[in-house]
Amino acid sequence: MSNWWPLIKIVPIQTNFKFVKYAKPMAVLSVIAVIGSLYLALTPFSPPCGGLNCGVDFTGGVLIEVDTGQTPVDLAAAREALSDTQGRQDVQVQNYGTSSDPSGRYHAMVRFQPPQGVAGPVAVDQAEAALQAALGENIQFTRQEVVGPKVSGELFVGGIVALLVAIGLMMLYIWFRFEWQFGLGAVVGLFHDVILVFGLFAVTKMEFTLTAVAAVLTVIGYSMNDTVVVFDRLRENLRKYKRMPLRDVIDLSINETLSRTIITGVTALMALTALALLGGETLFGFSVALIFGIVFGTYSSIYVGVPIILLWGVKRGAAADDDEPEPVKLGMASRP
């Protein structure tokens, strides 16, 4: 493979990192990050989303996207036009297009709660008329969405249930394939990654929609895939080197899979970076969440999932035979 892609030689074939040595301070940092993310995601304690900037999918209401062409969007005028008429509530106007875009057009996203007793389509028509009066008759409306409070509540509950079911199924898979300690480590790592992604949305105030839920589910899948690779090599080495201390076996296993992890992660990050830069506003939050999740999914495989195994220990099987192979030097780890 390196003959076809010389740049892959940048990735070291042999590594000798002492990962377990730094497990305790990393665990402290992880606990602080998880607690902080939970606090930011849940504060204020207001349903359904707490500190998250939930979209219309979860909060209900009306969403309208406006295209003003080559003219910059007058956010103040749009906000005033929608706030002063028809009794709308929670009016939000956000500019997300600039003349630096390839199309050279300006866009704005409008969200609000329709007045009580006013049907969704009627609220959309009234809002569009108010925006045309404020921004000009030549503006275009590229997207209209209306979500009722009952539907939004069902979507939020369904999204949370989907996340919990995915994590539960992953735990069962790891439990049956390896041992319960491995399953516990994998689930702790998954919760770590999911909570940090929620913290990312809380800090950046990116819109949390069903697309964000899809991003979190994708992060769960990627994190689990990376964890399984490390666990599989760890299981092999536990059978092979029964006399080697567990911490050394863990370091050896992580080093042996490190080049594969780096190559896979960098490849995914390159694609997601291009998607974040060129995919537009709709895919930006999805891409950023995946980039963040891949980085911390790799981190959790090394410093969250595996240290749980070191904490609880595993059965090493029968005593080693006299012809047991010599422990491989960590510096001689080869690319899988």
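Here is a quick tour of the structure above, topic by topic. Keep in mind that this is a predicted model. The chain has 336 residues, and 45% of them are buried. It folds into nine helices and six strands. We'll start with the whole chain, then look at one helix, the nonpolar cores, the surface and a few charged pairs.

**The whole chain**

- Take the contacts between residues at least 6 apart in sequence: 77% of these join residues at least 24 apart.
- The chain exposes about 17400 Å², and carbon and sulfur atoms supply 64% of that area.

**Helix 6, and what comes after it**

- Helix 6 covers residues 180-204, which makes 25 residues.
- From its first C-alpha to its last, helix 6 reaches 36 Å, close to the 36 Å expected at 1.5 Å a residue.
- Is helix 6 largely enclosed or largely open? It is largely enclosed by the rest of the structure, because 19 of its 25 residues are buried.
- Right after helix 6 comes Lys-205, which sits in the loop between helix 6 and strand 6 (207-208).
- Lys-205 is worth a second look: its phi is positive, near 60°, even though this residue is not a glycine.
- For background, most residues other than glycine have a negative phi.
- As for its surroundings, Lys-205 is partly exposed, with a relative accessible area of 47%.

**The nonpolar cores**

- The largest nonpolar core holds 57 residues, and the ones that touch the most other members are Leu-52, Ile-174, Phe-182, Phe-201, Phe-208, Ile-220 and Phe-231.
- Helices 5 (149-177), 6, 7 (210-240), 8 (246-278) and 9 (281-312) each chip in at least two residues to this core.
- Which helix gives this core its largest share? That's helix 7, with 13 residues.
- Phe-201 gives you a feel for the packing: leaving aside neighbours within four places in sequence, its contacts are Leu-52, Met-206, Glu-207, Phe-208, Ala-212, Gly-285 and Ala-289.
- There is also a second, separate core of 16 residues, with Val-62, Val-91, Ala-127 and Ala-130 among them.

**A look at Val-288**

- Val-288 is part of helix 9.
- If you skip residues up to four places away in sequence, Val-288 touches Leu-200 and Met-206.
- Val-288 and Leu-277 are eleven residues apart in sequence, and their C-alpha atoms are 9.8 Å apart in space.

**A nonpolar patch on the surface**

- Val-157, Val-161, Val-165, Leu-169, Leu-172, Trp-175, Phe-176 and Trp-180 together make a nonpolar surface patch of about 840 Å².
- Helix 5 gives the most to this patch, with seven residues, and Val-157 is in that helix.
- A handy bit of background: an α-helix has 3.6 residues a turn, so residues three or four places apart point the same way.

**Salt bridges**

- How many salt bridges are there? The count comes to seven.
- One of them pairs Glu-65 with Arg-143, with the closest N and O atoms 2.9 Å apart.
- That pair links distant parts of the chain: Glu-65 is in strand 2 (residues 61-69) and Arg-143 is in strand 5 (residues 140-147), 78 residues apart.
- Glu-65 counts as buried at 9% relative accessibility, while Arg-143 counts as partly exposed at 27%.
- Glu-65 and Arg-143 also belong to a network of salt bridges that brings in Glu-145.
- Another salt bridge joins Arg-260 and Asp-226, and here the closest N and O atoms are 3.2 Å apart.
- Arg-260 lies in helix 8 and Asp-226 in helix 7, so this pair ties together parts that are 34 residues apart in sequence.
- Arg-260 is partly exposed at 22% relative accessibility, whereas Asp-226 is buried at 2%.
- Glu-256 and Arg-233 form a salt bridge too, with their closest N and O atoms 3.1 Å apart.
- This pair again connects distant parts of the chain, with Glu-256 in helix 8 and Arg-233 in helix 7, 23 residues apart.
- Glu-256 is buried, with a relative accessible area of 10%.

How values were computed. Residues are numbered from 1 along each chain as its sequence is written. This is a predicted model: local features need pLDDT of at least 70, side-chain atom pairs count only at pLDDT 80 or more; totals for chains, interfaces and linings use all residues. Side-chain values use heavy atoms; hydrogens and water are left out. Helices (H or I, at least four residues) and strands (E, at least two) are DSSP runs, numbered from the N terminus. The expected span of a helix is 1.5 Å times one less than its number of residues. Buried means under 20% relative accessible area, exposed over 50%, partly exposed in between (1.4 Å probe, protein chains only). A nonpolar core is a set of buried Ala, Val, Leu, Ile, Met, Phe, Trp, Tyr and Cys residues joined through side-chain atoms within 4.5 Å. Contact means heavy atoms within 4.5 Å. Accessible areas come from the Shrake-Rupley method with a 1.4 Å probe; for residues, only the protein chains shown count as cover. Patches are made of residues with over 30% relative accessible area and no salt bridge: like charges are joined within 9 Å, nonpolar side chains (Val, Leu, Ile, Met, Phe, Trp, Tyr) within 5 Å. A salt bridge is a side-chain nitrogen of Lys or Arg within 4 Å of a carboxyl oxygen of Asp or Glu.
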